Amino acid sequence: MPKSDRKTPSLSQNANNVRCRNAKYLDGPERGVVPDDKVSWDVEFKEYKPVEFTSPKVSAHPVWADPDIKTDKKVALKFNKVDGKTNRKSHVGEYKVVNGMPLNVSGRTGITGRGLLGKWGPNHAADPVVTRWKHDDKGEKVLNPNTNKPILQFVSIKRNDTGEWAIPGGMVEAGDSVSATLKKEFGEEALNTMKMEKKQRAEVSKQVKDLFKKGNVLYKGYVDDPRNTDNAWMETVAVNYHDHKGTFHKFKLQAGDDAGHVEWVDMDSSLKLYASHSYFVMGAAKANDAHW
């Protein structure tokens, strides 16, 4: 796991359940209404009427999904613990479990069940923010005319599910480490290593491994993700890997199966990215004293 000397941003800086509240769920129903002052579980909300929804994709019991603890009372998941190979601990701290159901660590969302998420409670992801300096034809860093700071670029993919631009991250599978997931997801989503010949894949994987030896943790905690529900939510570790040696000039970015497109994008405060990804990108810009 990459280490960081910087203080990881707190939950309050990144979570107000904005994208996962008062809107239609992805491929699902309209969420129940949750006013701003009623998000917290500590605030009484007798009129609260969340909608129940678990996607048929999840209900079909794929290998990455938990069993349905609402219908199978024999299942006893160990919340707030490492449960076998599945990490059910939250980066934020201990979350409430009421009547056997985990409650979203950031509050109400207007929908219960798991939605599109496989795990009850926290669903862990890893997001690599791979960056490089933008250079002109002479090899000099390009400065933003307003801030006079160098422009940082990052690898971004266009998601097939929402059409939004995002960091090429993914879910931490049971038994995998965050560091392994960071390398694997970047290779699969931004370089399409799954479609490469064995020799080329080995070469690219080595370059990715070398680049990912040293990273700066930008964030670790809850994610305001549109897939979140009252009982299942996204959490992530976002890590910045800066390409000091120009390693990725040797490789052509190519979108994987879950991405529609991939490219180097200039960092700027006007960016609108998926979920909390703009927040992570901003952290990378500030950590490198780049334009934002």
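A salt bridge is taken here as a side-chain nitrogen of Lys or Arg within 4 Å of a carboxyl oxygen of Asp or Glu. On that basis D266 and K134 make one, since their closest N and O atoms are 2.8 Å apart. The model in question is a predicted one. D266 belongs to strand 13 (residues 259–266), while K134 is in the loop between strand 7 (121–133) and strand 8 (152–159), so the bridge ties together parts that are 132 residues apart in sequence. Neither end is hidden away: D266 is partly exposed, at 27% relative accessible area, and K134 is partly exposed too, at 26%.

That pair has company, as the structure holds 17 salt bridges. Another of them joins E52 to K70, with 2.6 Å between the closest N and O atoms. Here again distant parts of the chain are linked, with E52 in strand 1 (residues 51–54) and K70, 18 residues away, in the loop between helix 1 (56–59) and strand 2 (82–83). E52 has a relative accessibility of 44%, which makes it partly exposed, and K70 comes out as partly exposed at 31%.

With D83 and R88 the setting is a buried one. Their side chains meet in a salt bridge with an N to O distance of 2.9 Å. D83 counts as buried because its relative accessibility, 17%, falls under the 20% cut-off. R88 is buried as well, at just 3%. The two don't stand alone, either: D66, D83, R88 and K119 are linked in a network of salt bridges.

E189 goes its own way. This residue sits in helix 2 (residues 178–190) and is buried, yet has no salt bridge. The nearest side chain of opposite charge belongs to R159, 8.0 Å away, whereas a bridge would need the nitrogen and carboxyl oxygen within 4 Å, so R159 is not a partner for E189. What E189 does touch, leaving aside neighbours within four places in sequence, is a set of residues made up of I157, P168, G169, Q254, A255, G256, D258 and A259.

R159 turns up again among the aromatic rings. Its charged end sits over the ring of Y274, 3.9 Å from the ring centre. A second arginine, R108, does something of the kind with Y48, lying over the face of that ring at 5.3 Å from the centre. As for rings meeting rings, a search of the whole structure turns up nine aromatic pairs, and F79, Y95 and W233 come together as one aromatic cluster.

Note on methods. Residues are numbered from 1 along each chain as its sequence is written. This is a predicted model: local features need pLDDT of at least 70, side-chain atom pairs count only at pLDDT 80 or more; totals for chains, interfaces and linings use all residues. Side-chain values use heavy atoms; hydrogens and water are left out. Rings of Phe, Tyr and Trp (its six-membered ring) pair if their centres lie within 6.5 Å; planes under 30 degrees apart count as stacked, over 60 as edge-to-face and the rest as tilted. A charge sits over a ring if NZ of Lys or CZ of Arg is within 6 Å of the ring centre and within 35 degrees of the ring normal. Helices (H or I, at least four residues) and strands (E, at least two) are DSSP runs, numbered from the N terminus. Buried means under 20% relative accessible area, exposed over 50%, partly exposed in between (1.4 Å probe, protein chains only). Lys and Arg count as positive and Asp and Glu as negative; His and the chain ends are not counted. Contact means heavy atoms within 4.5 Å.
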